[in-house]
Each structure stands twice: as C-alpha cells, then as structure tokens.
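Student: Please pick one part of this model and look at it closely. Then tell me how it connects to the rest.

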Amino acid sequence: MKPAWFDYYAPRTLEEALRILAEAGHDGKVLAGGQSLVPMLNFRIVNPTVIVDINRIEALNHLDIAADTLTIGALVRHADLLGNSRLREGWPLLAEATTQVAHPAIRNRGTVCGSVAHNDPAAEHPSVLVTLDGTVIIAGPSGRRELPAEQFFTGMLSNALDPGEMVMEVHYPRPSAGTGAAFVEFARRLGDFAIAGAAAILTMRDDVCERARLTIVGMGDGPFRARAAEDALMGRRLSADDGHDAFAEAAEKVIAAVQPAEDVHASSAYRRHLAGVMAVRALEAALSRAGGR
Amino acid sequence: MLEDVKLAREQRISVTVNGKVHEKIVPVRLSLADFIRDHLHLTGTHLGCEHGVCGACTIEMNGRSARSCLTLAVQADGAEIVTIEGLRAPDGKRHPMQQAFHEHFALQCGYCTPGMLITAIELLRNNPNPNEQEVREALSGNLCRCTGYQAIVTAVLAVARGQSAGAM
C-alpha cells in the first residue's frame with residue numbers, strides 16, 4: 001500500500017506545469033486534491049513516473065460567480081463550494097450534489113476539476129456537469145480548448161484529455177429562471193460511492209415542462225444522460241396531480257436504457273431498479289422546487 | 001530541460017506539527033501519515049486502510065481535516081499540522097473532546113479514536129450546535145468496529161451542549 005517511485009514536480013505556474021506534462025506525455029499525471037489519485041498510487045493501480053503537483057499554482061485556485069457563468073478553477077476543493085449562498089442560489093444542483101461527495105476530510109482536499117477529470121461512474125460532479133450543460137476548459141501544449149461536458153466523458157475512468165493536457169477550469173451556465181433542480185443518490189453508508197443516483201432539472205412554465213434534463217449516476221461508464229426520459233417529459237403538463245404518471249413513465253424509460261454492471265455491492269437488476277427510483281425522486285424534488293407554476 | 005523545477009527523489013521539507021517546526025529530508029513518495037509516524041515518531045496517528053476509506057489517519061492540516069494517507073509528506077512543506085498528540089493543553093489537561101470520549105466510553109480498542117477526535121473537533125468548529133443526524137453525517141467517514149458509534153455520537157453531542165466536564 002505504498003506508491004512506486006515517481007519524479008515529483010511542484011511548479012508554481014501553469015506554464016511550467018504544462019511544460020513538464022508535455023515532456024512527460026503518457027507517463028505524467030496531475031496531482032491536485034489526490035483523493036482519487038493517491039489511493040490508486042497506493043494500490044499501484046496506476047504507476048505514473050512523473051507527478052505534477054499543481055497545488056502551488058495559486059492562479060488555479062479561483063471560484064468566480066458571474067451573471068451567466070460559474071467558473072471553478074482546478075484547485076477549488078469540494079468544501080470551498082459549501083456554505084457559499086450565492087452559489088447555492090444560482091446552481092442549487094451543484095451545491096446539493098457537493099454535500100454528498102464522500103466525507104468532510106475528503107471534501108476538504110478533493111477538487112471539483114479532479115473529480116471531473118477522474119470520471120468515476122459513481123461520482124457526483126461528472127453527472128452534474130453534464131446535466132447543467134457545463135464546459136471543460138483544457139490547457140495543453142497547443143494552448144487552450146473547450147469541450148462540452150458530454151464530449152469530455154469518454155467512458156469508465158476515461159476522458160478526452162490528450163497526453164500533456166490538463167483540466168484548467170469547468171464552467172457552468174446559470175440555469176434559467178423557473179428551473180428546479182435535485183440531486184439524489186443511494187449508498188450503503190453515507191458518503192460511500194453511490195450504488196445509483198440521479199441529477200434532474202426541470203424548467204416549468206404554466207405547469208408545462210419546457211425543458212427536462214436527467215442524468216443517472218453509477219451505471220457503469222460515467223454520466224448516463226436519460227434522453228428518452230427527457231423527451232417523454234418535455235411539453236408535458238406536470239402539476240402535483242399528473243406529475244406522478246409522467247415521472248413513472250420517465251423511470252420506465254430509464255430502466256429500459258441503463259446497463260448497470262454487477263458487483264459485490266449490487267446486482268445489475270437491483271441497480272437498474274434503483275436507477276428508476278432515483279430518477280423519480282430527483283424529478284419529484286426538482287418539480288417541487290421549480291417556479292413557473 | 002526540466003531540471004530547474006524537478007525535485008530530487010528526496011526533498012527537504014519544513015513542517016510545523018503540534019506547534020513544533022520539523023525540518024526533515026523525505027522521499028517524495030512518502031505519505032504524510034508515514035512521515036508523522038515513522039519520521040517524527042508520533043504514533044498516535046493510526047493507519048488503517050491506507051486508501052482514504054477508514055479515517056483513522058485523519059489529521060488537521062492548515063485548519064482543515066485531511067487524510068494523512070492520501071497526502072504526500074512533500075505536499076505538507078510549509079503546512080501547520082495538528083495530530084492527536086497536539087490536542088492536550090500545555091498543562092496536560094485533556095481536550096474537551098478527549099474528556100467527553102473518556103466520560104462517555106466512546107472508545108474501546110482506540111484505533112479509530114485519533115481520527116474521530118480530529119473529525120469531531122472540526123465539526124463543532126464549523127457547526128457548534130449539531131443535531132444527532134449531523135454528527136452521524138460528519139463522522140460517516142470514520143470507521144469504528146467496536147463501539148457501534150452510539151457512545152461516540154453521545155460524546156460529541158455532550159461537548160456541543162456543554163454537558164461534559166471538559167466542555168469547550
């Protein structure tokens with residue numbers, strides 16, 4: 001349970017970090033909060049020969065709340081998001097999800113961008129970013145590029161970063177007025193990796209659903225966007241009375257679409273069942289919080 | 001080349017632990033937990049799982065709790081660290097949380113206790129008057145295989161309510 005040898009760099013600027021990463025290529029790994037990377041080093045699941053510790057790059061430690069966009073830099077910890085009332089008002093889905101990330105000591109060190117880059121299928125932040133139509137800002141040897149969240153996540157623990165690149169920021173557009181949001185997850189123990197979860201946002205006008213987004217957590221490959229369920233909800237009347245049928249129908253579409261893996265924690269069938277339950281709970285909570293009704 | 005920013009496989013670090021500055025040369029792959037235990041001989045910090053799940057190695061780093069098994073010693077260069085050895089007052093009096101654990105039988109084998117104490121103290125700093133659910137949530141990342149948690153939760157609530165002899 002000790003890491004193998006690596007060369008350790010602690011640059012003070014992004015330019016330096018990128019220079020080292022470019023030279024290291026496939027052998028390099030960025031260390032930010034270390035709450036996923038260090039366990040993998042300890043287990044020797046990954047053995048990078050170059051570790052680039054970005055913790056001393058102060059320019060990456062910024063959280064900016066603008067009129068239309070929230071920007072989270074690569075060194076912002078989960079704990080930095082909690083207790084920020086402006087963030088909670090503008091991006092309640094992100095705030096609610098962050099309270100469910102692991103445990104206090106992990107939230108103190110782990111970063112939002114690190115969780116996004118790691119893309120654990122059971123993690124909260126990748127699904128939140130997809131649900132909110134977020135953008136990943138990537139820095140690399142040939143400059144900066146942006147990718148929509150859905151294009152960034154490419155499969156189990158995988159992302160669209162090329163060797164030498166790193167996640168510099170994530171951007172979240174501000175949800176429109178009348179939007180209700182909810183993040184729910186189910187775990188055996190509070191703070192454990194979720195067996196299943198769901199992120200939902202509903203934008204309502206005159207009791208009619210103008211826009212629905214639903215992402216299922218913990219289903220194998222990473223964030224699973226339940227498009228069929230979203231389509232079934234959009235344009236529907238969703239009052240307290242007839243929301244229930246629509247949500248049950250959406251859950252059926254989720255259950256039909258997800259392909260969860262089986263492991264020691266849960267069978268595939270149980271996970272599929274939970275995906276439907278989580279979808280309904282998230283949608284019901286989102287509807288109760290939405291305006292425009 | 002990169003020699004200007006590359007650090008050798010051993011690096012000199014300066015870390016303040018329980019108010020005392022330590023300057024040591026450490027391997028870059030050494031965990032903060034192993035540094036505290038094997039290099040500073042402060043063996044009150046315990047190592048359970050070594051991958052961030054059990055919480056036994058939780059210490060305070062720059063005012064926030066952290067898993068010392070998931071932090072490299074080199075990352076603590078310049079940091080202020082508090083371990084269980086730093087909880088007692090200079091006159092030897094137990095920290096109120098230690099006193100409450102003692103009074104409420106909140107430990108049996110004691111393996112999880114250092115991490116429990118650091119976590120519980122941080123909870124009351126951020127939320128001085130938590131309810132039982134909030135205490136259980138805050139402690140959810142610290143595994144105890146002896147007590148069943150009830151006595152630990154009771155101890156933390158007693159400190160919050162000023163009902164322990166050593167209340168904060």
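Tutor: Start with chain B, whose domain assignment gives domain 1 (10-86) and domain 2 (96-160); such bounds come from an automatic or database assignment. This is a predicted model: local features need pLDDT of at least 70, side-chain atom pairs count only at pLDDT 80 or more, and totals for chains, interfaces and linings use all residues. Residues are numbered from 1 along each chain as its sequence is written, while chains are lettered from A and ligands numbered from 1 in the order written.

The C-alpha centres of domain 1 and domain 2 of chain B are 22 Å apart. Their contact (C-beta atoms, placed from the backbone, within 7 Å) takes 12 residues from domain 1 of chain B and 11 residues from domain 2 of chain B. Which strand gives the most to the domain 1 side? Strand β4 (residues 58-61) of chain B does, with 3 residues. Strands (E, at least two residues) and helices (H or I, at least four) are DSSP runs, numbered from the N terminus.

Now look closely at that strand. β4(B) pairs with β5(B) in the antiparallel sense, over 4 bridges; pairing needs at least two DSSP bridges. One partnership joins Thr58(B) to Arg67(B), which lies in β5(B). Between the two strands of this hairpin there are 2 residues. Asn62(B), in the hairpin, takes a positive phi near 50 degrees.

Next, follow β5(B) towards the other chain. Here 26 residues of chain B are in contact with 31 residues of chain A. On the chain B side, at least two residues each come from β1 (6-7), β5 (64-67), α3 (113-126) and α4 (132-138). β5(B) gives the most to this side, with 4 residues. So β4(B) gives the most to the side of domain 1 that touches domain 2, and β5(B) gives the most to the side of chain B that touches chain A.

Cross over to chain A. Its assignment gives domain 1 (7-53), domain 2 (58-172) and domain 3 (179-289). The C-alpha centres of domain 1 and domain 3 of chain A are 36 Å apart.

Take the sheet of 5 strands in chain A. It is open and antiparallel, in the order β4-β5-β10-β6-β7. β4 (63-65) and β7 (143-148) of chain A are the edge strands, each pairing on one side only. Inside the sheet, β5 (residues 69-73) of chain A runs antiparallel to β10 (residues 166-173) of chain A, and 5 bridges join them. There, Ile72(A) has Val170(A), in β10(A), as its bridge partner.

β6 (residues 135-140) of chain A holds Ala139(A). Ala139(A) counts as buried because 21 other C-beta atoms lie within 10 Å. The cut-offs: 20 or more such atoms within 10 Å for buried, 12 or fewer for exposed, partly exposed in between, with C-beta atoms placed from the backbone. Beyond its neighbours within four places in sequence, Ala139(A) touches Leu14(A), Leu18(A), Arg144(A), Glu165(A), Met166(A) and Met168(A). By contrast, 43 Å separate the C-alpha atoms of Ala139(A) and Asp207(A), 68 residues apart along the chain.

Another open sheet in chain A has 4 strands, antiparallel, in the order β11-β12-β13-β14. β11 (179-186) and β14 (224-225) of chain A are its edges, each pairing on one side only. At the β14(A) end, 2 bridges join β13 (residues 208-217) of chain A to its antiparallel neighbour β14(A). Ile216(A) stands opposite Phe224(A) in β14(A). Helix α12 (residues 268-289) of chain A packs on this sheet and touches β11, β12 (196-205) and β13 of chain A.

Look at β11(A). Why is it largely enclosed by the rest of the structure? Because 7 of its 8 residues are buried. 8 bridges join β11(A) to β12(A), which run antiparallel. Ala182(A) stands opposite Ala200(A) in β12(A).

Ala200(A) leads to the largest nonpolar core, which has 147 residues. A core means buried Ala, Val, Leu, Ile, Met, Phe, Trp, Tyr and Cys residues joined through C-beta atoms within 7 Å. Ala200(A), Ala250(A), Ala279(A) and Ala282(A) have the most contacts inside it. Leaving out residues up to four places away in sequence, Ala279(A) touches Ala198(A), Leu214(A), Ile216(A), Ala226(A), Ala229(A), Ala250(A), Ala251(A) and Val254(A).

Key: Two residues are in contact if their C-beta atoms, placed from the backbone, lie within 7 Å. Axes are lines fitted to C-alpha atoms, for helices over the stretch in contact, and angles run from 0 to 180 degrees between N-to-C directions.
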